[in-house]
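Reader: I'd like to learn how to read holes and helices in a protein model. Can you walk me through one?

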Amino acid sequence: MTLEPPAPMALRDRTRWHLGANAPVAAWLAAVLAITLVRRYVPESPWLLVHLLLLGAVTNAIFVWSSHFADALLRRRATPGSRRWQAARMLALNVGVLTVVAGMVTSAWILTLAGSVVVGTAAAAHGITLALQARSALASRFGATVRYYIYASLALPIGAGLGAVLARDPVEPWHGRLVVAHITLNLLGWIGLTVMGTLVTLWPTMLRTRIAQGAERVARQALPILVGSVVLAAAGALFGLQTLAAAGVAAYLGGVLWAIRPLAQVAHTKVPSAYATWSVMAALIWLVGSLLGLVTILANSSTWRSVTDHLGLLIIPLAAGFAAQVLLGALSFLVPVVLGGGPNILRGTQARMDRGNALRAVLINAGLMICVLPVPSLVRLLVSVLVVGAFAAFLPLLVFAVLHAVRAKRVGGRSDAGRSPAPKHVPEPAAVTHQRHSAQAGLALALVILAVAGGMVLAR
């Protein structure tokens, strides 16, 4: 699959579309940041932070980019009609998410139920559209990976429905059983399947190297394992069978490890060296660790109430470690690509998205490691400030990248008419890049250590 820009007119249309379509993603991320800053004064703030990220930002990104990659994999060009239909689905999705949020904040369950139905319907329509496109498309090497998106779209409507039931606050053991099924369908089904299907082709593209030999075969083999595992784990939870649910999650972990084998081969050939690739690689590591944690909780907890009590330990690894990092990593690479403007402008845009790459990556992952440990609350607070700041840097960098691309293309257009040429981006030498990365990583570790030490002193 190629992400090279098409003809100039088509490129301009695609750029305008993606700027508009990805605006809700940026808006939901900004909302996450805002709630983080004032969470003490907002009702249901822990629930809001998780769902604004996963149901708001990540789900919007999935709607946009799974359609984009499906078009590329199926060798079809998006039409104005398909764009309008996609925009209608995204409008419905965001109306549904806003309704769910309003229902939870105001404790109006009927709003939560209505919003869940709208979100589920939008996801089902998304999956049906992809299935119809795959059925009528010509055969292609990686066309089968679109099935990941189709099966993922089947999981979200059910998971959203379970979320509406959870909003009624059922008593144990039903609460724990529903939470596990909800997490399985939404995080492992909707998000996990989409991520695994996308990275088959996106990961080598991000590394600017060839896809590993046999990657498409591994992807076809992993899909039934992952889908079957989601069904097994969700069914085990709903029927109250912890052993069956644990076996389903363990099988899902096996499917993930099998699916990432070609990705690891590619990374061994071309070592990740940018924020985008570091972030996605770290996200996969957090996913594997989270799945191990979930299997352990399900296998060792004596009751569903105990399962519920321990699931809070996985919120940071799954939401921040996995979902947030894979989202920001993928967008850090994809946004400059769709902005286009030629190789020189593309490099300049990517350089702006990559600013402080090692500093941000190490702050986020070292900080999250501290936050999941049993440390004093003041230590966790100080370290979390660093982590949030590193995540939040994505939004201004995104704005700078978009402004750079727009201005550079405008200057380039004037140069075509005989005026001043567009500014050129000159890549820095590899040795300088390595030194910069090492200095940033050292600074990040020093900041985390200072936050830990300061928190320990204040906690005495």
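Author: Sure, cavities first. On a 1 Å grid over the protein atoms alone, a cavity is a set of points where a 1.4 Å probe fits but cannot get out, and its lining residues have an atom within 4 Å of a point. Grid points are joined across faces, edges and corners, and a volume is the space filled by probe spheres set on the points. Here, the largest cavity comes to about 260 Å³. A word on the source: this is a predicted model, where local features need pLDDT of at least 70, side-chain atom pairs count only at pLDDT 80 or more, and totals for chains, interfaces and linings use all residues. Residues are numbered from 1 along each chain as its sequence is written, and side-chain values use heavy atoms, leaving out hydrogens and water.

Reader: Which residues are closest to the centre of the largest cavity?

Author: I62, W65, V195, T198 and A330, out of 18 that line the largest cavity. Helices are DSSP runs of H or I with at least four residues, numbered from the N terminus. At least two lining residues each come from α3 (45–73), α7 (174–207) and α13 (315–339).

Reader: What classes of residue make up that lining?

Author: Ala, Val, Leu, Ile, Met, Phe, Trp, Tyr, Cys and Pro count as nonpolar, Asp, Glu, Lys and Arg as charged, and the others, Gly among them, as polar. The largest cavity has 15 nonpolar, 3 polar and no charged lining residues.

Reader: How many cavities of 30 Å³ or more are there?

Author: There are 2. The second largest has a volume of about 100 Å³, and its 13 lining residues are nonpolar, with no polar or charged ones. α7 gives the largest share of that lining, 4 residues.

Reader: Back to α3: is D71, which lies in that helix, buried or exposed?

Author: Buried means under 20% relative accessible area, exposed over 50%, and partly exposed in between (1.4 Å probe, protein chains only). D71 is at 10%, so it counts as buried. In α3 as a whole, 24 of the 29 residues are buried, so the helix is largely enclosed by the rest of the structure.

Reader: Where does α3 bend?

Author: A bend at a residue is the angle between axes fitted to the seven residues ending there and the seven starting there. For α3 that is about 35° at H51. Just after the helix, R75 takes a positive phi of about 60°.

Note on methods
1 Å grid on protein atoms, 1.4 Å probe; cavity = no way out; pocket = protein on both sides within 12 Å on 5 of 7 lines; lining within 4 Å.
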